[in-house]
Amino acid sequence: MEQQVLGRTGRLVSAVGLGTWQLGADWGDVSEDDARAVLEASLEAGVTFYDTADVYGDGRSEQIIGSFLKDHADAGLTVATKMGRRVDQVPENYVLDNFRQWTDRSRRNLGVDRLDLVQLHCPPSAVYSSDAVYDALDQLVADGAIAAYGVSVEKTSEALEAIARPHVATVQIILNAFRLKPLDEVLPAASAAGVGIIARVPLASGLLSGRYTKDTVFAENDHRNFNREGAAFDVGETFSGVPYEVGLEAAARFSELASQVVGEALTPAQAAIAWAWQRPGVSSVIPGARNTEQARANAAAGDADTLGPLFMSGVREIYDELIKEHVHDKW
């Protein structure tokens, strides 16, 4: 597995990590045994970076990872969690007292004295430009509650605001073959500042795997069913905000591209993950996995050969012809 520096944390982490939203909620039912099996399979495959949040299953994801960490205390793992989505989304809630309560809860869930990395979890846009917010985060570092902090964003403007702050270690942003806007400004700015990029939703909620059709049925409690129009949270988190039918057509084109350029060396999903971690400035890509087979296949993309300019130009062509008109300006 390729190892890369996680921004200003200075830590080396696997180029392909594991996103654990699906181990908590909103992706159908995943048992605790299955969740633990996914974590173990990922570690065996070389994954050393795990991303979670206090809101995933209201702490369930953190707790499962905490048990996993306890059993692998010497494995050199890095866990990033997120905070802020368990309260009303108003800037007034992003204050030091709340930060302390939230990080204390996450430390208990994860069973650690100090959190490796805490990210503000897509808060209101005004939070990213608040000096008081960064002062409070700096205080958590001084207190020893957290080792470093970053942000998770929906908008490129939010990413650029955070990158300009001197102690922001990482920015987590949606980046995949259907979401190219971060390549224009965000990744170059992050590279110049030494801020790590954590790329989430690399498979566009599974679309880029090429496995879905117009007849695919998602569980009632799967966000790919209930959030297609953004009813529960930002629609960009579901299929990257692309209408499902358009996404299917684009995914078919992507699968053809992968077949033409890399042949059988990588599946379409692996090609999508490799493309993401190979973008300059990206520290780690965090696909999710619902079973051990997916976990191993995702991790295997972490030592893929460079895909090269032909693949990149093919991705851009698909984006320009099918996706671009559906991408919101803010993304």
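Start by selecting residues 168-174, 186-193 and 196-200 in this predicted model. Those are strand E8, helix H6 and strand E9, and together they make a right-handed β-α-β unit. Follow the chain from E8 over H6 to E9 to trace that unit.

Now hide H6 for a moment and look at how the two strands sit together. E8 and E9 run parallel, joined by five bridges. Want one pair to click on? Pick isoleucine 173: its bridge partner in E9 is alanine 199.

Keep alanine 199 selected and add residues 282-285, which are strand E10. E10 is also paired with E9 in the parallel sense, this time over three bridges. The partner of alanine 199 over here is valine 285.

Stay on E9 and show its side chains. In a regular strand, side chains alternate between the two faces of the sheet. Which residues of E9 lie on each side? Color Gly196, Ile198 and Arg200 for one side, then Ile197 and Ala199 for the other. Both faces are covered, and every residue you just colored is buried.

Next stop: charged pairs. Across the whole structure there are 15 salt bridges, and we'll visit a few.

Go to helix H3, residues 96-110, and select arginine 107 and aspartate 104. They are three residues apart, about one turn of the helix. The closest N and O atoms of this salt bridge are 2.5 Å apart. Switch on a surface and you'll find both partners partly exposed: arginine 107 has a relative accessible area of 23%, and aspartate 104 has 29%.

For a contrast, jump to aspartate 222 and arginine 224. They form a salt bridge too, with 2.8 Å between the closest N and O atoms. Are these two buried or exposed? Aspartate 222 is buried at 3% relative accessibility, and arginine 224 is buried at 5%.

Now select arginine 253 and glutamate 317, whose closest N and O atoms are 3.7 Å apart in their salt bridge. Arginine 253 is in helix H8 (residues 244-262) and glutamate 317 is in helix H11 (residues 308-323), so this pair ties together parts that are 64 residues apart in sequence. Both count as partly exposed, arginine 253 at 24% and glutamate 317 at 43%.

Last click: select Arg36, Glu40 and Asp71 together. Salt bridges with shared partners join these three into one network.

Key:
Residues numbered from 1 in each chain as written. Predicted model: local features only at pLDDT ≥ 70, side-chain atom pairs only at ≥ 80, totals over all residues. Heavy atoms only, no water. Buried < 20%, exposed > 50% of the residue type's maximum accessible area, 1.4 Å probe, protein only. Helix = DSSP H or I, 4+ residues; strand = E, 2+ residues; numbered from the N terminus. Pairing = 2+ DSSP bridges. Right-handed = clockwise from strand over helix to strand, strands pointing away. Salt bridge = Lys/Arg side-chain N within 4 Å of Asp/Glu carboxyl O.
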